[in-house]
Amino acid sequence: MTIAVVTLSVLLMAACGYLVMVLRQVRSITRQLEQRAGAAPPRAAVTLDLVNRDLEQLVARVNDSIRAAEAASTRTRLEERRFRSFIADISHDVRTPLTTVRGYLQLLARSDLDAEQHSHLEVARRHS
């Protein structure tokens, strides 16, 4: 009976010790994630000190998620730059011919036109 009590006590202490180690590792992972949130890129992957299959899988999934989020952020920034460049190009492509049209309308306004032609010219000027 004494051997059973001693054995159970040793097992209980070992289990408690293992639980304490797991909880420390969880706190370490939490701390690493908090530090990553405030750090500027490049950021290090979350690491694990304790060998535990479940925690290793958790950390692997967290690191995969972080990499995927960073890749998505990079793609978003690239697409945003492309979009801004596209808008700038379109703006330039529209402005140049429009300026030419307005210039020709000003030249026409200085020429000898009858009232109806001036009316049409004014409509064209307003729409340009």
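This report walks through the helices, salt bridges and contacts of one protein model.

## What we're looking at

First things first: the model is predicted. Keep that in mind as you turn the structure around on your screen.

Let's meet the helices. Helix 1 covers residues 2-38, helix 2 covers residues 53-110, and helix 3 covers residues 115-127.

## Helix 1 and what covers it

Helix 1 is built from 37 residues, and from its first C-alpha to its last it reaches 54 Å. That is close to the 54 Å you'd expect at 1.5 Å a residue. Which residues of helix 1 are buried? They are Val22, Gln25, Ser28, Ile29, Gln32 and Arg36. Part of what covers them is helix 2.

Now find Leu33, also in helix 1. Leu33 has a relative accessibility of 33%, so it counts as partly exposed. If you skip its neighbours within four places in sequence, Leu33 is in contact with Val46, Val62 and Ile66. Try locating Val51 too: Leu33 and Val51 are 18 residues apart in sequence, and their C-alpha atoms sit 19 Å apart in space.

## A buried residue in the loop

Between helix 1 and helix 2 there's a loop, and Asn52 is in it. Is Asn52 buried or exposed? With a relative accessibility of 13%, Asn52 counts as buried, because the cut-off for buried is under 20%.

So who does Asn52 meet? Leaving out residues up to four places away in sequence, Asn52 touches Tyr18 and Val22. With Tyr18 there's a polar contact, side chain to side chain, at 2.5 Å. Val22 may ring a bell: it's one of the buried residues of helix 1.

## A salt bridge between two helices

How many salt bridges does a search of the whole structure find? The count is 6. Let's start with Arg36 and Glu70, whose side chains meet with an N to O distance of 2.9 Å. This pair links distant parts of the chain: Arg36 belongs to helix 1 and Glu70 to helix 2, and they are 34 residues apart.

The two partners are not covered to an equal degree. Arg36 is buried, with a relative accessible area of 9%, whereas Glu70 is partly exposed, at 31%.

## Salt bridges within helix 2

Other salt bridges join residues of helix 2 to each other. Take Arg82 and Glu79: their side chains form a salt bridge with an N to O distance of 2.9 Å. Why can these two be separated by about one helical turn? Because they are 3 residues apart in helix 2. Both partners are partly exposed: Arg82 has a relative accessible area of 48%, and Glu79 has 44%.

Next up is Arg84 with Glu80, a salt bridge whose closest N and O atoms are 3.0 Å apart. These partners are 4 residues apart in helix 2, so they too are separated by about one helical turn. Arg84 counts as exposed, at 57% relative accessibility, while Glu80 is partly exposed, at 41%. There's also a little network to look for: Arg61, Asp64 and Arg67 are joined into one by salt bridges that share partners.

## A nonpolar patch on the surface

Salt bridges involve charged side chains, but the surface has a nonpolar patch as well. Which residues make it? Look for Phe83, Phe86, Ile87, Ile90 and Val94, which together give a patch of about 480 Å². Val94, for instance, has its place in helix 2.

## Helix 3

Last stop: helix 3, with 13 residues. From first C-alpha to last, helix 3 reaches 19 Å, close to the 18 Å expected at 1.5 Å a residue. At its N-terminal end you'll find a cap, Asp114, which has a side-chain oxygen 3.2 Å from the backbone nitrogen of Glu116.

Arg126 lies in helix 3 as well. Is Arg126 buried or exposed? Arg126 is exposed, with a relative accessible area of 55%. To get a feel for distances in the model, pick the C-alpha atoms of Arg126 and Ala37: the residues are 89 places apart along the chain, and those atoms are separated by 54 Å.

Terms used
Residues are numbered from 1 along each chain as its sequence is written. This is a predicted model: local features need pLDDT of at least 70, side-chain atom pairs count only at pLDDT 80 or more; totals for chains, interfaces and linings use all residues. Side-chain values use heavy atoms; hydrogens and water are left out. Patches are made of residues with over 30% relative accessible area and no salt bridge: like charges are joined within 9 Å, nonpolar side chains (Val, Leu, Ile, Met, Phe, Trp, Tyr) within 5 Å. Accessible areas come from the Shrake-Rupley method with a 1.4 Å probe; for residues, only the protein chains shown count as cover. A salt bridge is a side-chain nitrogen of Lys or Arg within 4 Å of a carboxyl oxygen of Asp or Glu. Buried means under 20% relative accessible area, exposed over 50%, partly exposed in between (1.4 Å probe, protein chains only). The expected span of a helix is 1.5 Å times one less than its number of residues. Contact means heavy atoms within 4.5 Å. A polar contact is a pair of N or O atoms within 3.5 Å; within protein, one must be able to donate a hydrogen and the other to accept it, and residues adjacent in sequence count only if both atoms are side-chain atoms.
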